[in-house]
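Here is a brief report on a structure. It covers symmetry, a sheet and a nonpolar core.

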Protein chains: 2
Amino acid sequence: MGIRWKGKGAEAKALADPMSKIVSQLKCSLIEYDSRGLLSGFSVLIEANEEQTGLFNRTCFGRRNITTEKDKQWFQLSMEEAFYLSYMLKCIKVVGEDNCPTNDDELWKYAISKRNNFPNLFKAYSHLRMKNWVVRAGSQYGVDFVAYPHHPTLVYSEYAVLILSVEDDNSNGRLRVWLDFHCTLRLCGSVAKTLLVLHIDKNCSAATSPSCLESCLVEERTVTRWNPEQSRENQTTVQKEPSN
Amino acid sequence: MGIRWKGKGAEAKALADPMSKIVSQLKCSLIEYDSRGLLSGFSVLIEANEEQTGLFNRTCFGRRNITTEKDKQWFQLSMEEAFYLSYMLKCIKVVGEDNCPTNDDELWKYAISKRNNFPNLFKAYSHLRMKNWVVRAGSQYGVDFVAYPHHPTLVYSEYAVLILSVEDDNSNGRLRVWLDFHCTLRLCGSVAKTLLVLHIDKNCSAATSPSCLESCLVEERTVTRWNPEQSRENQTTVQKEPSN
């Protein structure tokens, strides 16, 4: 499918401002201000100053909550985003209702108690984020995530991401029958995305610590329709056939 | 969604030529010529004279096979179509390799041996055909069938049909997770069809006779996205709210 930029100049803008660099800036700023997120159900609320607001927006972490406070901005992070900033980038602390910071293991167990397949979701999320993809929820396309090469204002999402796991019971039960494959591929085609299946080779939902994820492997597969005509001959070496 | 006719005059054409009437004509013609279909894998080949060719085309049964024979036309019926014509309309006989006609029970067992969920596929197919819907394969939309109010040259298909059964093992495993729902509904929306779920309340795949189907009930459900704005107030009785 290839990268589809949104209008002229978008590509140049993105190249001049690599995602890895902006994420580093966000990380430094959050560490500098000893930022803390408040656990709230399956998401985390975090206060942001003006600089951080810009960086959250540009890196596409969280969604801004509209409040009446003029000087303060609040961002709502998904559990995967919060855990990525806290466990992988070590730039925020997440505090519970008692205002005490939770450690990695506590937050990990809390997340799994709320959603059993959190380890798979997080492994897939962090796998893509670490490769500097911008990752957003994909439920509107019937997938787990969508992945953008850069900020969604500059470029269309390239991949519709489905997570499959070793254990069927813990997987989301997708792509087991041909009709589901047909449906998913047809939808991906109609919204110009490539289906990316991330297969997680280990079930960490019983693990007491996120360190379990380190030994997890992620197998990446893109799924496309096979076009027999296109694949029939190697176009570069084929000799013209006599027409019948 | 409503019926979407293909161009001017299509609706009048369809009304002047009800599907029930053409199917009756096909039935009479097939009985008159004592028509026989040849079992071939999971489909049935049937010879058609000129009149029957027209009726097969207009009723949308089978697909015409291109042969070099000029006077004879051959149609390839799906197993559901063949069983509908043979068991429900009693207008064709299906013969096996030995050229001996199979009876209903034999054909039934043969079909199940080839595809375990044939009873569900057939129940759903005949349920819609008996209500004069034109039913075609739906795999290109990731569903079991698509249903047209009349011939596909006159009207777009209105329903994307998924079959669910009582026993999970015998169902096609669809719509069990929200992401699959999202995917299916989004695709149906983008191709302007309504998702129709036919729930079959009994598993007949172990039955030795198709008479098992008579006690089967089909529950019909259409699935649409809920639009909170649209449903918020009854538009006909609502009083204008003061604007804030």
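## Symmetry

Leu187(A) lies closest to the rotation axis among the residues of chain A, with its C-alpha at 2.8 Å. The model is predicted: local features need pLDDT of at least 70, side-chain atom pairs count only at pLDDT 80 or more, and totals for chains, interfaces and linings use all residues. Residues are numbered from 1 along each chain as its sequence is written, chains are lettered from A and ligands numbered from 1 in the order in which they are written, and side-chain values use heavy atoms, without hydrogens and water.

A turn of 180 degrees and a shift of 0.0 Å along the axis lay chain A on chain B, with an RMSD of 0.0 Å (least squares on C-alpha atoms of residues with pLDDT of at least 70 in both). That is the relation of a two-fold axis. Both copies use the same surface: 100% of the contact residues of chain A recur in chain B (contact means heavy atoms within 4.5 Å).

## Sheet in chain B

An open sheet of 5 strands runs β3-β4-β2-β1-β5 in chain B, with mixed pairing. Strands are DSSP runs of E, at least two residues, numbered from the N terminus; two pair if DSSP finds at least two bridges between them. β3 and β5 of chain B are the edges, each with a single partner strand, so one side of each has no neighbour in the sheet.

| Edge strand | Residues |
|---|---|
| β3 (chain B) | 63–65 |
| β5 (chain B) | 93–95 |

β2 and β4 of chain B pair in the antiparallel sense over 6 bridges. Leu45(B) stands opposite Gln76(B) in β4(B).

## Contacts

Phe56(B) touches, among others beyond four places in sequence, Leu26(B), Ile46(B), Phe75(B) and Leu85(B).

How values were computed: Helices (H or I, at least four residues) and strands (E, at least two) are DSSP runs, numbered from the N terminus.
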